[in-house]
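Here are some notes to read with the model open beside you. Take the points one at a time and find each residue as you go.

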Amino acid sequence: MNYIENIFVCLAAPLLISVLCMRGKRRIILFLMGGMTSCLLSSYISTFLAEVQKADLVSASLEISPLVEEVMKLFPVLFYILIFEPNKEYASNSIMLTAVGFATFENVCFLTQNGAADLIHLTIRGFGTGAMHVVCGNIIAFGLLHLWDRDSLRAAGTLALLSVAVSYHAVFNILVSQNGVVSMIGYSIPVITTIFSLMVRKKLKNN
């Protein structure tokens, strides 16, 4: 089935039209589309690697997908930084928008594949998965804000933080692949992490 491509076209078409019609804030739409495109490409690459390594669906989601997805989310932002050289705020916001676009497309594909009967589970998964991608985006954004100006730390620091994001993503996938309480804990961790990071950021601004 090519339902993923069909979903992508249906979501991307109005966004693309809005880019053509809007005079300002086009960057927001473009990075949302970049995140959606990264999600689509990640599914292709993960499937290919799973076939090469003869991995089953569970193994692929735990061992292959976290690395592929986090790397693919980073590519649009790296292209933007290297070509256009934006300021730190724009660079940080760009990876967050890419993460949101990625999570949105992933949730829509999950909804299409598994149905919409269980609203409670879909709500929990929607917030948990969305928060997870945002947290991983925040990890990379930290590197863009604090390490990108230092030549000695630029490559090594970005790679290290990418590794942290991949590990966080993998742990999330491991937990939510279980049943019952363990799964709920997995979905709640990114939400708690997001709330905690917002509280810390607010406290630092007040100081």
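In which helix is the place of Q53? Keep that in mind for point 1, and remember throughout that this is a predicted model.

1. **Starting at Q53.** The answer is helix α2. With a relative accessible area of 52%, Q53 is exposed, because the cut-off for that label is over 50%. Now look from Q53 to A99: the two are 46 residues apart in sequence, and their C-alpha atoms are 27 Å apart in space. Hold on to A99, since A99 turns up again in the lining of the largest cavity.

2. **K54 and its phi angle.** K54 has its place in the loop between α2 and α3. What is phi of K54 near? The value is near 55°, which is positive, and K54 is a residue other than glycine. As background, most residues other than glycine have a negative phi. Is K54 buried or exposed? K54 counts as exposed because its relative accessibility is 73%, and anything over 50% gets that label.

3. **A greasy patch.** Four residues, F79, L82, I83 and F84, form a nonpolar patch on the surface. Together they have about 480 Å² of accessible area. Take F84 as an example: this residue lies in helix α3, and at 55% relative accessibility F84 counts as exposed.

4. **The salt bridge.** How many salt bridges does the structure hold? Just 1. The partners are E70 and K73, and their closest N and O atoms are 3.1 Å apart. Both residues lie in helix α3, 3 residues apart, which is about one turn of the helix. Have a look at where the pair sits, too: E70 and K73 are both buried.

5. **The cavity.** The structure holds 1 cavity of 30 Å³ or more, and the volume of the largest cavity is about 60 Å³. Which residues line the largest cavity? They are E70, K73, L74, I95, T98, A99, H133, G137 and I140. The elements giving two or more residues to this lining are α3 (57-84), α4 (88-114) and α5 (119-146). Sorted by class, the lining has 4 nonpolar, 3 polar and 2 charged residues. Notice that the salt-bridge partners E70 and K73 are among the lining residues.

6. **The largest pocket.** This one has a volume of about 1,300 Å³. Of the 44 residues that line the largest pocket, L57, S61, F110, Q113 and R125 are the closest to its centre. Helices α1 (3-21), α2 (26-53), α3, α4, α5 and α6 (151-176) are the elements that give two or more residues to the lining. Which element gives the largest share of the lining of the largest pocket? That is α2, with 8 residues. By class, the lining of the largest pocket has 22 nonpolar, 16 polar and 6 charged residues.

7. **The second largest pocket.** Its volume is about 400 Å³. Here 14 residues make up the lining, and the closest to the centre are N138, F142, L145, H146 and R201. The elements that give two or more residues to the lining are α5 and α7 (181-206), and α5 brings the largest share, 7 residues. By class, the count for the second largest pocket is 8 nonpolar, 5 polar and 1 charged.

8. **M132, buried in α5.** M132 has its place in helix α5. This residue is labelled buried because its relative accessible area is 1%, and the cut-off is under 20%. Try finding L175 from there: M132 and L175 are 43 residues apart in sequence, with a C-alpha to C-alpha distance of 12 Å.

9. **T193, in between.** Finish in helix α7, where T193 lies. At 27% relative accessibility, T193 counts as partly exposed. How far apart in space are T193 and A131? C-alpha to C-alpha, the distance is 8.3 Å, for two residues that are 62 residues apart in sequence.

Methods
Residues numbered from 1 in each chain as written. Predicted model: local features only at pLDDT ≥ 70, side-chain atom pairs only at ≥ 80, totals over all residues. Heavy atoms only, no water. 1 Å grid on protein atoms, 1.4 Å probe; cavity = no way out; pocket = protein on both sides within 12 Å on 5 of 7 lines; lining within 4 Å. Points joined across faces, edges and corners; volume = space filled by probe spheres on them. Helix = DSSP H or I, 4+ residues; strand = E, 2+ residues; numbered from the N terminus. Nonpolar A, V, L, I, M, F, W, Y, C, P; charged D, E, K, R; others polar. Buried < 20%, exposed > 50% of the residue type's maximum accessible area, 1.4 Å probe, protein only. Patch = residues over 30% accessible without salt bridge, like charges linked within 9 Å, V, L, I, M, F, W, Y side chains within 5 Å. Areas by Shrake-Rupley, 256 points an atom, 1.4 Å probe, with all protein chains shown as cover. Salt bridge = Lys/Arg side-chain N within 4 Å of Asp/Glu carboxyl O.
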